[in-house]
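Welcome to this short tour. Please keep your viewer open and follow along one selection at a time.

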Amino acid sequence: MDNIVEAYRVLEFCQRYAISKASFYREAAANRLRIVKRGRTTLVTRAEAERWFENLCQNHPHQQA
């Protein structure tokens, strides 16, 4: 079986990207992070997580040249 993650639960996403749950929900509320609801579970696809992170890195004011 392949161990590639296709979607993250909230806690997994927060741990992977070192952000708080409050920051996660702020990003989602501001439509900067697209979430998927599966029943009561909130998920972020791997592709969306990577898009969000790339956007975060591009917009960071302390980006190294």
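Before selecting anything, here is how the elements get their names: helices are DSSP runs of H or I with at least four residues, strands are DSSP runs of E with at least two, and the numbering starts from the N terminus. Keep in mind, too, that you are looking at a predicted model.

**Stop 1: the whole chain**

Colour the protein by secondary structure. You should find 3 helices and 3 strands. Follow the sequence from its start and the elements appear in the pattern β-α-α-β-β-α. The protein has 65 residues, of which 23% are buried. If you look at contacts between residues at least 6 apart in sequence, 43% of them join residues at least 24 apart.

**Stop 2: the sheet**

Now select the strands. They form an open sheet of 3 strands with antiparallel pairing, in the order β1-β3-β2. Which strands are at the edges? They are β1 (7-9) and β2 (36-38), and each of these pairs on one side only. Turn the view a little to see the twist: direction ignored, neighbouring strands of this sheet are turned by 40° against each other on average.

Next, pick the pair β1 and β3. These two strands are antiparallel and pair over 3 bridges. Show Ala7 and look across to β3, where its bridge partner is Thr45.

Then move to β2 and β3 (residues 41-45), which also run antiparallel and are joined by 3 bridges. Here, Arg38 stands opposite Thr41 of β3. The hairpin that connects β2 and β3 has 2 residues between the strands, and in this hairpin Gly39 takes a positive phi near 65°.

**Stop 3: helix α1, face by face**

Leave the sheet on display and add α1, residues 10-17. Which residues of α1 are buried? Select Val10, Phe13, Cys14 and Tyr17 to see them. Looking down the axis of α1, you will find these buried residues within an arc of 95°, so they line one face of the helix. A general rule helps here: an α-helix has 3.6 residues a turn, so residues three or four places apart point the same way.

Rotate to the other side of α1, and you meet the exposed residues Leu11, Gln15 and Arg16. Back on the buried side, the partners that the buried residues of α1 pack against are β1, α2, β3 and α3.

**Stop 4: where α1 meets α2**

Add α2, residues 21-29. The axes of α1 and α2 come within 9 Å and cross at roughly 105°. Angles from 65 to 115 degrees count as roughly perpendicular, and α1 and α2 are therefore roughly perpendicular to each other. To see what makes the contact, show Val10, Phe13 and Cys14 on α1, together with Lys21, Phe24 and Tyr25 on α2. Sorted by class, this contact has 5 nonpolar residues, no polar ones and 1 charged residue.

**Stop 5: two loop residues with positive phi**

Zoom in on Ala18, which comes just after α1 and sits in the loop between α1 and α2. Although Ala18 is not a glycine, its phi is positive, at about 55°. Is Ala18 buried or exposed? With a relative accessible area of 70%, Ala18 is exposed.

Now jump to Asn31, found in the loop between α2 and β2. Asn31 is not a glycine, yet it has a positive phi of about 60°. Asn31 is exposed, and its relative accessible area is 64%.

**Stop 6: Glu48 in α3**

For the last stop, select Glu48, which lies in helix α3 (residues 46-58). Is Glu48 buried or exposed? Residues under 20% relative accessible area count as buried, and Glu48, at 7% relative accessibility, counts as buried. Which residues does Glu48 contact, leaving aside its neighbours within four places in sequence? Show Arg32, Leu33 and Arg34, which are in contact with Glu48.

Conventions: Residues numbered from 1 in each chain as written. Predicted model: local features only at pLDDT ≥ 70, side-chain atom pairs only at ≥ 80, totals over all residues. Heavy atoms only, no water. Axes fitted to C-alpha atoms, helices over the stretch in contact; angles between N-to-C directions. Parallel < 35°, antiparallel > 145°, perpendicular 65-115°, else oblique. Contact = heavy atoms within 4.5 Å. Nonpolar A, V, L, I, M, F, W, Y, C, P; charged D, E, K, R; others polar. Buried < 20%, exposed > 50% of the residue type's maximum accessible area, 1.4 Å probe, protein only. Pairing = 2+ DSSP bridges. Arc of directions from axis to C-beta.
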